[in-house]
Each structure stands twice: as structure tokens, then as C-alpha cells.
Amino acid sequence: MSADEAPDFVYGVYLNLPEREQRTEELLQQHYVGSINFFGKTRVDAKAGHTHAAEGFTATFDGTAVVAGLQQAKKLDPDALTVTILPLQTRPPSVGAAEFMARGEESAKKAKVTYKRISVRVIPSEK
């Protein structure tokens, strides 16, 4: 992953998050595997002397608990795994929903986050 500058938020990473269900806090927690923070890892940081930042970085997550929970709930097809990356933002009470969404979109555009590859590796459990 790489970014020109850090967005105003951290990204949440979810495994097999349903597209058509309302995204309640409970649903998000069931599918959450980790978060991506760009602090100190952007091209702007590279210009400030963090030489490894310009090369991008890798984020790795252990989804074992999420996979086990989805298997137990019979909500997992190992041949159809999906990864969803969403901004994690908390809206201040004084900011309207439309303005808040616009700020997030603007921040994401300025950051120019790119991903070279996203992969999921499933290791069958030994019984």
C-alpha cells in the first residue's frame, strides 16, 4: 500500500462483510480483522526523511477468529472470500452527515491511497 499523504481517518478491514445488510456495529465487529493506519508511511513522510515510506508498506491481519465465527454461524464459503476496506470515522455532533461524507471523500482523494495486491490465505485447521 502507499499514499501521497495520510487520510484523515484509519481504514477498517473486514472479511466477508455482507453488501446488502445494514452495517450495524455488531455486524461490523463480526467481520472486522484489523485496521490500516498511514501515520509515518506516506510519500510526504518520505520527503521528511522516512526513507522506507516512499516504497509503500504491507499490512497483515490474522483472521482466524473471524473465520471461525463465520464458520460456526454457517456464513462462510471458503471459495468466495471477500475483503472490504472502509474508512473508520466518527462524526462530530456539530457536523451534518452530508458534510461529513464530503470531508471524508475529499480526504481520500487527496491521500491517493493505492493497493498493489490484496490476498487472503486460508490454512485448513487440523482436526
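In this predicted model, three strands form an open sheet in the order β2-β1-β3, and their pairing is antiparallel. The edge strands are β2 and β3, each of which pairs on one side only. Averaged over the sheet and ignoring direction, neighbouring strands are turned by 25 degrees against each other.

Strand β1 covers residues 10-15. Its pairing with strand β3, residues 83-88, is antiparallel and consists of six bridges. Within this pairing, V10 has L88 of β3 as its bridge partner, and V13 has I85 of β3. On the β2 side, four bridges join β1 to residues 32-36, again in antiparallel fashion. There, Y11 stands opposite I36. Five of the six residues of β1 are buried, so this strand is largely enclosed by the rest of the structure.

**The protein as a whole**

The sheet is one part of a protein with four helices and three strands. Read from the N terminus, the elements follow the order β-α-β-α-α-β-α. The protein has 127 residues, of which 30% are buried. Its exposed area is about 9,300 Å², and carbon and sulfur atoms supply 51% of that area. Contacts between residues at least 6 apart in sequence can be sorted by separation: 70% of them join residues at least 24 apart.

**H31 and N16**

What surrounds H31, leaving aside residues up to four places away in sequence? H31 touches V13, Y14, L15, N16, L17, P18, V66 and L70. One of these contacts, V13, has already appeared as the bridge partner of I85 in β3. H31 itself belongs to helix α1, which spans residues 25-31. With a relative accessible area of 2%, H31 is buried; the limit for that class is under 20%.

N16 is another of the residues that H31 touches. A polar atom of the H31 side chain lies 3.0 Å from the backbone oxygen of N16. N16 is placed in the loop between β1 and α1. Is N16 buried or exposed? N16 is buried, at a relative accessible area of 12%. The backbone of N16 has a phi near 55 degrees, a positive value in a residue that is not glycine.

**Two further loop residues**

K74 also has a positive phi without being glycine, with a value near 60 degrees. K74 sits in the loop between α3, residues 64-72, and β3. The relative accessible area of K74 is 76%, and K74 is exposed.

E19 is found in the loop between β1 and α1. At 68% relative accessibility, E19 counts as exposed. How far apart are E19 and T84 in sequence and in space? E19 and T84 are separated by 65 residues in sequence, while their C-alpha atoms are 9.4 Å apart.

**The salt bridge in helix α4**

Side chains of opposite charge can pair when their charged atoms come close. The structure holds one salt bridge. Which residues form a salt bridge, and how far apart are their closest N and O atoms? R103 and E99 form it, with 2.6 Å between the closest N and O atoms. Helix α4 spans residues 97-111 and holds both partners; because they are four residues apart there, about one helical turn separates R103 from E99. R103 is partly exposed, at 44% relative accessibility. E99 is partly exposed as well, with a relative accessible area of 41%.

**Accessibility of the residues discussed**

The table gathers the relative accessible areas stated above.

| Residue | Relative accessible area | Class |
|---|---|---|
| H31 | 2% | buried |
| N16 | 12% | buried |
| E99 | 41% | partly exposed |
| R103 | 44% | partly exposed |
| E19 | 68% | exposed |
| K74 | 76% | exposed |

Two of these residues share a loop: N16 lies between β1 and α1, and E19 is found in that loop too. N16 is buried, whereas E19 is exposed.

Methods:
Residues numbered from 1 in each chain as written. Predicted model: local features only at pLDDT ≥ 70, side-chain atom pairs only at ≥ 80, totals over all residues. Heavy atoms only, no water. Helix = DSSP H or I, 4+ residues; strand = E, 2+ residues; numbered from the N terminus. Buried < 20%, exposed > 50% of the residue type's maximum accessible area, 1.4 Å probe, protein only. Polar contact = N/O pair within 3.5 Å; in protein donor to acceptor, adjacent residues only side chain to side chain. Contact = heavy atoms within 4.5 Å. Pairing = 2+ DSSP bridges. Salt bridge = Lys/Arg side-chain N within 4 Å of Asp/Glu carboxyl O. Areas by Shrake-Rupley, 256 points an atom, 1.4 Å probe, with all protein chains shown as cover. Axes fitted to C-alpha atoms, helices over the stretch in contact; angles between N-to-C directions.
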